[in-house]
Amino acid sequence: MSAFRFAFLGFAACSIAALPSLAAAQSSDYVYCSNGIVCIRDPCPSGNALDLATGKLIKGVALNTTELPLQDRAAPDTSDKLQAGKLVVRGSIQHRGEPNEPPMLVVTHIERASDKAERKRCAAH
């Protein structure tokens, strides 16, 4: 019986430890737009991300599109539309690596075209 309790406590501890990382990786809709910073290497905090659910503007965000479907990544205008804030994307803000590294918007899906008000709010400095 004590081995069962020990295993249960181990499982509970692992589950509790995993909760903050799961909460941080929840998907939301964002408008990403360039903030004018030009970088030489990645990760680069060259954008802002407007969280449409909360209205919060997250400044200095790096962009990761590796989770997008291949047809979206390969489209010739996807990068330009992202930089201009013309797309609403589904993704999550993730904090990785060192504390001085910028948060990263990991994009998993393109939802729709953004409207003018969303683009304007994203570009606000």
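This report covers the strand pairing, the disulfides and the largest pocket of a predicted model.

**Strands**

Strand β1 spans residues 28-34, and five of its seven residues are buried, so the strand is largely enclosed by the rest of the structure. It pairs with two other strands. Strand β2, residues 47-51, runs antiparallel to β1 and is joined to it by five bridges. Strand β4, residues 87-94, is also antiparallel to β1, with four bridges between them. Tyr30 can be followed in both pairings: its bridge partner in β2 is Asp51, and its bridge partner in β4 is Val89.

Beyond β1, strand β4 pairs with β5 through eight bridges, again in the antiparallel sense. In that pairing Leu87 stands opposite Ala113 of β5. Strand β5, residues 104-113, also pairs with β3, residues 57-64, where three bridges join the two strands in the parallel sense. Here Ala62 stands opposite Met104 of β5. Read from one strand to the next, the pairings lead from β2 to β1, from β1 to β4, from β4 to β5 and from β5 to β3.

**Disulfides**

A search of the whole structure finds two disulfides. Their geometry is set out below.

| Disulfide | S-S distance | Angle about the S-S bond | Handedness |
|---|---|---|---|
| Cys33 and Cys122 | 2.1 Å | -105° | left-handed |
| Cys39 and Cys44 | 1.9 Å | 70° | right-handed |

What does the link of Cys33 and Cys122 tie together? Cys33 lies in strand β1 and Cys122 in helix α4, residues 116-123, so the pair connects parts that are 89 residues apart in sequence. Cys33 has a relative accessibility of 3% and therefore counts as buried. Cys122 is buried as well, with a relative accessible area of 0%.

In the other disulfide, is Cys44 buried or exposed? Its relative accessible area is 9%, and because the cut-off for buried is under 20%, Cys44 is buried. Its partner Cys39 has a relative accessible area of 33%. That value falls between the 20% limit for buried and the 50% limit for exposed, so Cys39 is partly exposed.

With the bonded cysteines of the protein chain numbered in sequence order, the pairing reads 1-4, 2-3.

**Largest pocket**

Rolling a probe the size of a water molecule over the atoms shows where empty space is left. In this model the largest pocket holds about 200 Å³ of space. Its lining is made up of 14 residues, and those nearest the centre of the pocket are Leu63, Thr65, Ser79, Leu82 and Gln83.

Which elements supply at least two residues each to the lining of the largest pocket? They are strand β3, helix α2 (70-74) and helix α3 (78-83). Helix α3 gives the largest share, with four residues. By side-chain class, the lining divides into six nonpolar, five polar and three charged residues.

Strand β3 thus appears in two of the topics above: it pairs with β5 in the parallel sense, and it supplies at least two residues of the lining of the largest pocket. Strand β1 likewise appears twice, with its antiparallel pairing to β2 and with Cys33, which lies in β1.

Definitions and conventions. Residues numbered from 1 in each chain as written. Predicted model: local features only at pLDDT ≥ 70, side-chain atom pairs only at ≥ 80, totals over all residues. Heavy atoms only, no water. Buried < 20%, exposed > 50% of the residue type's maximum accessible area, 1.4 Å probe, protein only. Pairing = 2+ DSSP bridges. Disulfide = S-S within 2.5 Å. 1 Å grid on protein atoms, 1.4 Å probe; cavity = no way out; pocket = protein on both sides within 12 Å on 5 of 7 lines; lining within 4 Å. Points joined across faces, edges and corners; volume = space filled by probe spheres on them. Nonpolar A, V, L, I, M, F, W, Y, C, P; charged D, E, K, R; others polar.
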